2 protein chains.
Amino acid sequence: MVLLETLQTPSFLLWRSVVRQNCVRVLKRAEQLKVNIRPHVKTHKTLEVSKIIQEEGEGILQEGRKVVGIVASTISEMEFFAEGGHNDITYATPFHISRLDRVLALRHCLPSFVPRLMVDSVGAVEELETALAERGETGKIHLFVKLDCGYHRAGIDISEGKFDVLESVVKAIAAGKHTEFFGLYAHSGNTYNCKGGVQEAAQIADREAELSATAARYLKSLGLYPQAVGVGSTPSATAVSPLPPEITEIHPGNFVFYDLQQVDSGSCTLPDIAVGVLSRVVSVYPERNEALIDAGGTAVHKDSGGISGWGRVDGHPDLLVKRMSQEVSVIGMDPSASSVGLPIADRFSLGSMVTILPNHSCMSACQHAQYSVLEKRGDREVVDTWTPCKYW
Amino acid sequence: MVLLETLQTPSFLLWRSVVRQNCVRVLKRAEQLKVNIRPHVKTHKTLEVSKIIQEEGEGILQEGRKVVGIVASTISEMEFFAEGGHNDITYATPFHISRLDRVLALRHCLPSFVPRLMVDSVGAVEELETALAERGETGKIHLFVKLDCGYHRAGIDISEGKFDVLESVVKAIAAGKHTEFFGLYAHSGNTYNCKGGVQEAAQIADREAELSATAARYLKSLGLYPQAVGVGSTPSATAVSPLPPEITEIHPGNFVFYDLQQVDSGSCTLPDIAVGVLSRVVSVYPERNEALIDAGGTAVHKDSGGISGWGRVDGHPDLLVKRMSQEVSVIGMDPSASSVGLPIADRFSLGSMVTILPNHSCMSACQHAQYSVLEKRGDREVVDTWTPCKYW
């Protein structure tokens with residue numbers, strides 16, 4: 001039996017029952033919205049979490065709805081999950097042909113594997129067509145067209161309700177010999193850090209769904225039928241009202257772990273956070289009511305998430321990670337805490353273990369080569385070790 | 001011959017001649033200050049950069065001054081460099097006994113290896129004494145005592161010129177059977193992001209040096225002689241005026257690579273930055289004069305460094321990394337640029353390679369499993385691949 005106390009610090013902890021609860025909640029939400037789910041794996045990057053979603057999805061999703069595949073943010077994720085038995089993997093950011101040979105190698109090795117790539121310009125479609133032709137590929141590559149509904153990160157901007165560029169991209173795919181128009185994909189990342197909470201996230205999500213549905217109807221009127229129309233981030237999956245019938249799927253990712261910025265935006269509550277960075281107190285400074293812990297930016301990631309501090313101390317709601325360096329951080333009193341507990345020196349001594357709840361769990365998880373799995377929060381026994389996909 | 005164009009993106013680039021210049025400059029500074037140098041390896045984490053410092057140090061340092069050892073921020077660095085032939089390694093943050101067995105294992109395997117550990121409380125000394133006694137260790141462990149000269153991260157606070165706690169810690173070491181007082185160690189991390197530039201950094205560095213020297217004199221008056229008194233961060237190594245004679249060494253780390261926050265604080269200029277994250281443009285958005293690149297927080301680290309943007313585009317001083325997600329970022333015009341060049345769409349097309357200069361190079365380097373080495377900025381040939389130490 002491996003106990004928490006024997007772990008080196010920093011270590012990445014995962015509470016499995018909380019992950020499962022989070023998956024169940026989002027699957028029920030998909031069922032309530034009457035859509036498929038194509039979960040994004042970028043947050044957890046493990047076969048084990050994907051398996052939980054698959055298992056729970058089989059019980060929860062009805063009437064033919066299902067977990068239709070997964071979404072990856074890197075080619076190494078695509079390789080990792082394809083080799084792990086996943087057959088339907090969508091690469092979620094605009095695809096560049098410098099990655100094509102790795103995708104094709106996978107398709108050649110794994111005959112049942114269907115990669116779906118993402119484009120948001122005619123130029124990208126043309127380059128892909130040329131590259132596929134040069135390689136003598138048979139078997140069309142399915143393409144999602146990325147929509148920008150106002151987030152302005154990636155995608156064809158349809159936020160003003162204009163679909164001319166979208167039309168030209170879809171027509172370029174339709175005209176190509178080597179690609180096939182598969183669907184539309186929108187990601188309302190602007191629901192993150194909604195200071196207006198769930199209501200504001202809901203407005204953004206509703207607008208995204210309405211724009212995507214209108215785009216789908218427009219394309220259908222031209223005889224260009226998307227097989228899939230996907231919307232949604234984790235906050236919007238929580239927040240969105242009933243979806244227009246054109247929307248066929250959602251693709252949230254962060255929900256498996258959640259984090260402090262999701263608490264801040266109202267997507268979840270503190271007990272829903274399923275991961276943390278285990279660390280030890282390595283010095284206590286009573287005179288400034290602070291302590292030094294051995295988890296810094298390399299273990300937590302220095303992502304402010306648009307909120308105060310660099311993380312929170314699990315079980316100590318009045319504390320905040322106030323400053324973060326490369327390998328250490330300073331914890332102290334949160335000046336905005338509603339009630340203040342004991343002085344730091346009365347709570348912690350040298351070697352005390354504290355778990356830091358991250359601002360942005362996708363980033364924190366990425367800093368680690370393995371996750372130490374506990375069944376539930378408060379447990380001391382490490383029941384499993386999961387190995388995430390790393391790098392690109 | 002491996003060309004830049006064939007690299008997967010994101011990739012971490014290192015310009016070797018720039019690293020060497022940076023090392024030469026800081027070694028000359030140490031020689032000018034008439035002190036030894038104990039370089040911190042946390043930024044580069046490679047045997048290759050340590051070798052450059054060692055080689056150049058032999059030519060530059062005179063009168064018996066030398067590279068006296070290295071400083072590590074993790075035990076895995078200590079293991080990596082000890083196994084790589086380094087015999088004198090200081091662990092730079094307050095040491096906790098949960099790491100002791102790994103240090104002792106190294107000492108047992110490598111008879112010439114001398115670990116130096118860091119303490120900043122009587123409690124830590126006592127715990128270490130007990131743990132060493134329990135393990136029946138012979139051969140004392142050398143201890144640095146960490147000083148806090150106003151940064152308030154770690155160390156014994158001597159910023160008000162009071163040395164009573166310091167005295168009690170050094171006396172506890174002197175009274176112990178298993179530890180030996182080796183020296184004093186101060187790190188003026190508050191010189192980072194000095195908005196007052198070099199002048200303000202110089203004031204902080206002068207104050208740190210004066211306080212450390214006074215502390216050393218105080219201890220000597222009690223018969224407690226530090227063999228080493230070390231000060232300085234990268235900005236202060238650049239900024240400090242002549243050092244008091246009690247100061248025997250400096251221990252900067254970031255200088256090997258530098259970064260945008262060091263440019264901002266006046267420690268270096270843009271051409272001194274020796275590393276960058278190679279990425280490709282994966283979409284161009286003329287309507288908002290922005291482009292999407294395939295390097296996000298997992299490749300660059302989302303560390304603001306207290307400055308605008310999430311990085312800069314090498315060779316394009318009017319551009320800024322404006323927004324950063326997990327795997328992609330948006331580059332666009334820097335609103336504060338003094339002159340504005342061509343529109344983004346006239347500079348970049350799909351697949352254009354851009355190199356992102358990081359806000360904080362220690363963090364960016366940590367995100368990668370290897371560095372692609374070019375001889376100088378602008379080169380296209382990858383002349384070597386270096387493998388840094390990873391994790392903890």
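Which strand does E13(B) pair with in the antiparallel sense over 4 bridges, apart from any hairpin partner? I looked this up in what is a predicted model. The partner is strand E16 of chain B, residues 329–333.

**Entry 1: E13(B) and its neighbours**

I took one residue pair from the E13(B)–E16(B) pairing: Leu292(B) has Val330(B) as its bridge partner in E16(B). I then turned to strand E12 of chain B, residues 275–285, which runs antiparallel to E13(B) and is joined to E13(B) by 4 bridges. Here I noted that Val281(B) is bridged to Ile293(B) of E13(B). E12(B) and E13(B) form a hairpin with 4 residues between the strands. In that hairpin I found Asn289(B) with a positive phi near 50°.

Next I checked the faces of E13(B), residues 290–293. Are they covered or not? Both are covered. Glu290(B) and Leu292(B) are buried on one side, and Ala291(B) and Ile293(B) are buried on the other.

**Entry 2: extent of the A–B contact**

I looked up the contact between the chains and found 58 residues from chain A and 58 residues from chain B. Three residues, Arg153(A), Gln326(A) and Trp392(A), supply 17% of the area that chain A buries against chain B, more than any other three. The area buried between the two chains is about 4,500 Å², and carbon and sulfur atoms give 52% of that area.

**Entry 3: polar terms across the contact**

How many salt bridges are there between chain A and chain B? I count 6. One that I inspected joins Arg288(B) to Asp148(A), with the closest N and O atoms 3.8 Å apart. For polar contacts between the chains, I list 31 residue pairs, both residues being at pLDDT 80 or more.

I then sorted the side of chain A that touches chain B by element. Helix H5 (122–134), strand E12 (275–285), strand E13 (290–293), helix H10 (297–300) and helix H12 (361–366) of chain A each supply at least two residues. E12(A) gives the largest share, 5 residues. By residue class, I get 19 nonpolar, 20 polar and 19 charged on this side of chain A.

**Entry 4: Asp101(A)**

I located Asp101(A) in helix H4 of chain A, residues 100–109. Is Asp101(A) buried, partly exposed or exposed? I record Asp101(A) as partly exposed, because its relative accessible area is 46%, between the cut-offs of 20% and 50%. I also checked Asp101(A) against Ala131(A), which is 30 residues away along the chain. Their C-alpha atoms are separated by 9.6 Å.

Key: Residues are numbered from 1 along each chain as its sequence is written. Chains are lettered from A and ligands numbered from 1 in the order in which they are written. This is a predicted model: local features need pLDDT of at least 70, side-chain atom pairs count only at pLDDT 80 or more; totals for chains, interfaces and linings use all residues. Side-chain values use heavy atoms; hydrogens and water are left out. Contact means heavy atoms within 4.5 Å. Buried area is the accessible area (1.4 Å probe) that two parts lose on being put together, summed over both. A salt bridge is a side-chain nitrogen of Lys or Arg within 4 Å of a carboxyl oxygen of Asp or Glu. A polar contact is a pair of N or O atoms within 3.5 Å; within protein, one must be able to donate a hydrogen and the other to accept it, and residues adjacent in sequence count only if both atoms are side-chain atoms. Ala, Val, Leu, Ile, Met, Phe, Trp, Tyr, Cys and Pro count as nonpolar, Asp, Glu, Lys and Arg as charged, and the others, Gly among them, as polar. Buried means under 20% relative accessible area, exposed over 50%, partly exposed in between (1.4 Å probe, protein chains only). Two strands pair if DSSP finds at least two bridges between them.
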